[in-house]
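Please brief me on the open and enclosed spaces in this protein and on how its ligand is held. Short points will do, grouped by topic.

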Amino acid sequence: MQRLHERRILVTGATAGIGEATARALTAEGARVVLAARRKERLDALTNELANSTAVELDVRDAAACERVLAKLDLDGAVLNAGLGRGMGSIQDGNVDEWNEMLDTNVKGLLHTLHAVLPPMVARGRGDLVLLGSVAGRQVYPGGNVYCATKHAVRAIYESLRLDLAGKRIRVTTVDPGMVLTDFSVVRFRGDQERAAKVYENMTPLAPSDVADAIVFALTRPPHVNVGEIVLWPTDQASTTIVTRRK
Ligand SMILES: NC(=O)c1ccc[n+]([C@@H]2O[C@H](COP(=O)([O-])OP(=O)(O)OC[C@H]3O[C@@H](n4cnc5c(N)ncnc54)[C@H](OP(=O)(O)O)[C@@H]3O)[C@@H](O)[C@H]2O)c1
């Protein structure tokens, strides 16, 4: 039995990593997935491959575009995953443009998406939201400052949604992973593959499909069950600063 049969679920940041794995897993459960991201050729390739999927080209930093494109979708659920890290260093040596890109995407982009998708869900009295937080929203680490601040903000938004949506029959979940092997570090270090590979050297990170599994779990519980917070660590990661590397 396909547990998400015919449910229409938006996935932002669906062209890579956790978002792509989630789109695949939701499709396998019978959902009609709406993929959103900026890279059109990747969106086209995925919609060709995934049954019952459609795509919208969207930069979540653009509030007007989020309203225009997302508000009219008749969604049963949304996985708010689009996000990125940029750089890693001290605040005193930080790059303001990188800070703005992280804040605009991870915090404001999340809010733009919520503002567009929530009103129809509230009107219908039904809907599921899954936010991609991070263990960086629970613990900081050296050089993580602004990225960690954005993920702490995601956690505050998760807690706020639970209060704002009380009694509205909308379930809200935050999925907070530790290290996941995706393009995240390549993007963070602007294409420096060697530096990105070092992040996962001699340890076993989570796979994007591990996170997708957790999202499917939350979305397939009975309507009276709201899975609130899922924290997923690689077994080799004890905290944001303690990683066991095996030679
Ligand atoms: N990897 C980890 O270790 C890890 C751990 C905890 C949490 N997370 C979180 O998981 C989420 C997904 O990251 P990932 O690891 O899967 O990274 P990824 O492989 O780099 O994927 C990021 C996705 O976000 C999309 N995106 C970025 N900026 C966007 C924008 N302005 N508008 C729309 N889409 C945008 C990208 O698509 P386009 O470039 O095509 O727009 C891409 O599909 C992020 O929120 C990240 O903070 C990651």
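The second largest pocket of this predicted model holds about 450 Å³ of space. The largest pocket has a volume of about 1200 Å³, and its space is the one taken by the ligand. There are also 2 cavities of 30 Å³ or more in the structure.

**Second largest pocket**

- Its lining counts 21 residues.
- Nearest to the centre of this pocket lie G127, R169, I170, R171 and P223.
- Strands β5 and β6 and helix α5 each give two or more residues to this lining.
- The top contributor is β6, with 3 residues.
- By class, the lining has 9 charged residues, 7 nonpolar and 5 polar.

**Largest pocket**

- This pocket, with a volume of about 1200 Å³, has 47 lining residues.
- L84, G85, Y147, T182 and F184 are the closest of them to its centre.
- Four elements, α1, α4, α5 and α6, give two or more residues each to the lining.
- Helix α6 has the largest share, at 4 residues.
- The lining divides into 22 nonpolar, 15 polar and 10 charged residues.

**Ligand shell**

- The ligand takes up the space of the largest pocket.
- Around the ligand there are 30 residues.
- T15, R38, R39, Y147 and T182 come nearest to the ligand.
- Y147 and T182 also appear among the residues closest to the centre of the largest pocket.
- Three helices supply at least two shell residues each: α1 (17–28), α5 (145–164) and α6 (184–188).
- The shell is made up of 14 nonpolar, 10 polar and 6 charged residues.

**Polar contacts and burial of the ligand**

- Y147 places a polar side-chain atom 2.7 Å from an oxygen atom of the ligand.
- At I18 the partner is a polar backbone atom, which lies 2.9 Å from an oxygen atom of the ligand.
- At V60 a polar backbone atom is 3.0 Å from a nitrogen atom of the ligand.
- Taken alone, the ligand exposes 880 Å², and the protein buries 96% of that area.

**Largest cavity**

- What volume does the largest cavity have? The value is about 50 Å³.
- Its lining includes the runs D128, L129 and V130, then R171, V172 and T173.
- A218 and L219 line this cavity too, as do V225, N226 and V227.
- β5 (127–132), β6 (170–177) and α8 (208–219) each supply at least two of the lining residues.
- The lining holds 7 nonpolar, 2 polar and 2 charged residues.
- R171 is a lining residue here, and R171 is also among the residues nearest the centre of the second largest pocket.
- β5 and β6 each give two or more residues to the lining of that pocket as well.

**Second largest cavity**

- The second largest cavity has a volume of about 40 Å³.
- T12, V60, L80, N81 and A82 are in its lining, together with T105, G109, L110 and T113.
- Helix α4 (residues 96–124) gives the most, with 4 residues.
- By class, the lining has 5 polar residues, 4 nonpolar and no charged.
- V60 lines this cavity, and a polar backbone atom of V60 is 3.0 Å from a nitrogen atom of the ligand.
- Helix α4 also gives two or more residues to the lining of the largest pocket.

Key: Residues are numbered from 1 along each chain as its sequence is written. This is a predicted model: local features need pLDDT of at least 70, side-chain atom pairs count only at pLDDT 80 or more; totals for chains, interfaces and linings use all residues. Side-chain values use heavy atoms; hydrogens and water are left out. A residue is near a molecule or strand if one of its heavy atoms lies within 4 Å of it. A polar contact is a pair of N or O atoms within 3.5 Å; within protein, one must be able to donate a hydrogen and the other to accept it, and residues adjacent in sequence count only if both atoms are side-chain atoms. Accessible areas come from the Shrake-Rupley method with a 1.4 Å probe; for residues, only the protein chains shown count as cover. On a 1 Å grid over the protein atoms alone, a cavity is a set of points where a 1.4 Å probe fits but cannot get out, and a pocket is an open set with protein on both sides within 12 Å along at least five of seven lines; lining residues have an atom within 4 Å of a point. A molecule sits in a cavity or pocket if more than half of its atoms lie within 2 Å of its grid points. Ala, Val, Leu, Ile, Met, Phe, Trp, Tyr, Cys and Pro count as nonpolar, Asp, Glu, Lys and Arg as charged, and the others, Gly among them, as polar. Grid points are joined across faces, edges and corners, and a volume is the space filled by probe spheres set on the points.
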